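Reader: Hello! I am new to this structure and would be glad of a close look at how its helices pack. Please start with one pair of helices and build the picture from there.

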Amino acid sequence: MRRFASLFTHPAARWVLLALALGFPFVASSEYQVYVMATAFIWAIAVYGLNIITGYCGQLNLAHGGFFAVGAYALAILTSDHGWNFWPAFLAAGLVSAALGAAVGVVSLRLKEHYFAIFTLCVGFIIYLLIDKWEALTHGAIGIRGIAAPDGFGLVDFSQTRPFYYLALGFLVLAIWFAGRLASSLLGRTFMAIRNGDALAQSLGIDLMRNKVLAFVLSTTYAGVAGALYASMIRFIGPEEANPNHTFDMITYLLIGGFGTLFGPLAGTVGVVWITQSLQFLEDYRMVIFGPLIVVLVIFMPRGVVGTFLGWKLRKDAEAARADARPGVDGMSGTEVKPHA
Amino acid sequence: MNLLFQQVLNGLTLGSIYGLVALGLTLVYGILHIPNFAHGALYMVGAFASYFFMTDLGLHYWIAMLLSGGVVAVLAMLCERLVFHPLRNAPPIHDKIAAIGILLFLEAVVQMFWGSDFRRMASPFGGILRFDGLIIPEQRLLIIVGAFTLMLALHLFLRKTMLGSTIIAMAQSREGAFLVGIDANRVAMLTFAISGMLAAFAATLYAPINLVYPAMGHLVIMKAFVIIVLGGMGSIPGAIVGAMILGFAESFGGFYLSSDYKDIIAFSLLVVILSFRPTGLFAKGAH
């Protein structure tokens, strides 16, 4: 069992995962499945952003869906209304969400815990209301049509599903790679120290404000990039993209996958998107099941699927290591060894 | 004169409803330090319960309101028992997420049974009173009188009865309350029941001049949060004062500035206040 489990944590596992993702369009039974998978990848990118501020840094950001919509609208307005080319607009969408993230972060991160969650909830709602009401800029409830698909420079046509799938996959791999580098870097550890307690982090000489704002800006950039990709795939967006429910969806994905883990956001997002897809009748009422699931997970399995699995494996490994170190007792009382980790 | 009076009336109506919702929120925060994001869903369930009792069972408005208060009180107690109680020692981020889970669940259930259509709730108080050229719709008068009666009743309950004093004691000092033998579980359940009941009453009072739909709790709960941040989290007088400030700001802002953006006023107020006073305007109210 333990040997089987260690297959998942083997360094080669991620290459297998990548190979599977690359081969998926060839085994998928319809173009629709490829499309769903590409959507899941885009959401996963946004969830990786949420994981930085909420998972690593421990600040529950309830405006994440709003920043996703900001990225989507920035791209939509620039390409559709101002005739920009896709890639400059894409870059601008990332920058706009980063800049807005910095502005919101500087104000909101002075607040602690509950106040921060409430404040960001309101920020998310302000973004939603502004998008809905500011008709001169966002076209209000009508939404924006004619958003440019990613420019393939005549080589690839990204308005087709399959090429777009690979583009989304590329960005997802980039997102995971960066998140992985971040998590193992000093900066990532700084974020985790802040999660473990403001006072503790401060006593280590960490500048709370600067690091929190940095984590926040990184997360909103992720959200903005994901939103821009989303807009260029759907090609039509409306104020519903900013609905605070998207934030709650992303929290669900992250919680099920595992807060503060590297592959939790991917596992949670892809898993939940496919479960919802395969239970089509659930589309509108999925929260009848996911709502209680969130509660049950938070109470009994707050580390999510990936976090729980890693914790379990760590414990088993420690047990095995201890059993190896004491070969004499191994045969008679293997169960006596109590796990500590 | 008349226009000004209408805005005052409007502000009082809004302030009363916000006050009732914010009171429940601030009571729960005072005792358990949980920002109950599911409170707006309880408000919404209260409106639908009244709607159900009135249109499907044909009960009278008052009886429907009382029954709905009971239903939501029980629901709120269940939330406390099944969700927040097991999480009492968990990191603070957990009960916020759990509250969001409850919110999503309740909204989905209501949507499953009633759909996401907007519904109109009839009220026996559809008439209009006229005093010397001033026009007062009966329902608005009912809201203001009803809300102030409830607030007074809550005040008397908290200050004059033994049971109510246990809530105050717990909000002031948890350890102190334990020392004099107060049962924390009972106080927590009682607080949730009161908060749910107030939300249901507020929803039933407000629904006839508004609409009933599954997302109706969103704006109200966020405004209630703005109010309790404004008034100091956990402070009861702060919640009432904050509600009145917000009610008047919205009614006058919506009238003199722009009705499209009147919902943004509340949030802008919050952004401005928290930018200068990160712990709220009247920080540290009840404890």
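Author: **Helix packing in chain A**

In this predicted model, helix α4 (residues 64-81) of chain A packs against α11(A) at an angle of about 50°, and their axes are 7 Å apart. Helices here are DSSP runs (H or I, at least four residues; strands are E, at least two), numbered from the N terminus. Axes are lines fitted to C-alpha atoms, for helices over the stretch in contact, with angles from 0 to 180 degrees between N-to-C directions. Residues are numbered from 1 along each chain as its sequence is written, while chains are lettered from A and ligands numbered from 1 in the order written. Because the model is predicted, local features need pLDDT of at least 70 and side-chain atom pairs count only at pLDDT 80 or more, whereas totals for chains, interfaces and linings use all residues.

α4(A) and α11(A) are therefore oblique to each other (under 35 degrees is roughly parallel, over 145 roughly antiparallel, 65 to 115 roughly perpendicular, and the rest oblique). The crossing of α4(A) past α11(A) is right-handed; that is, the near helix is turned clockwise from the far one by less than a right angle, while anticlockwise would be left-handed. On the α4(A) side, the residues that meet α11(A) include His64(A), Phe67(A), Phe68(A) and Leu75(A). Their partners in α11(A) include Thr220(A), Val225(A), Tyr230(A) and Ser232(A). Such contacts need C-beta atoms, placed from the backbone, within 7 Å. By class, this contact has 14 nonpolar, six polar and no charged residues (Ala, Val, Leu, Ile, Met, Phe, Trp, Tyr, Cys and Pro count as nonpolar, Asp, Glu, Lys and Arg as charged, and the others, Gly among them, as polar).

α11(A) also leads us to α8(A), since the buried residues of α8(A) pack against α2 (13-27), α3, α11 (208-234) and α13 (264-278) of chain A. Among those buried residues are Phe164(A), Tyr165(A), Leu172(A) and Ile176(A). Buried means 20 or more other C-beta atoms within 10 Å of a residue's own, exposed means 12 or fewer, and partly exposed lies in between; C-beta atoms are placed from the backbone. At 1.5 Å a residue, the 24 residues of α8(A) should span 34 Å, and this agrees with its end C-alpha atoms, which are 34 Å apart (the expected span is 1.5 Å times one less than the number of residues).

One of the neighbours just named deserves its own look: helix α3 (residues 31-56) of chain A packs with helix α8 (residues 161-184) of chain A at about 20°, their axes 9 Å apart. These two helices are therefore roughly parallel to each other. α3(A) makes a left-handed crossing with α8(A), and the residues of their contact divide into 22 nonpolar, two polar and two charged.

Now for two loops that adjoin these helices. His139(A) sits between α7 (135-138) and α8 of chain A, and it counts as buried because it has 20 C-beta neighbours inside 10 Å. Arg235(A) belongs to the loop between α11 and α12 of chain A. Arg235(A) has 16 C-beta neighbours inside 10 Å, so it counts as partly exposed. Most residues other than glycine have a negative phi. Arg235(A), although not a glycine, has a positive phi of about 70°.

Note on methods: Two residues are in contact if their C-beta atoms, placed from the backbone, lie within 7 Å.
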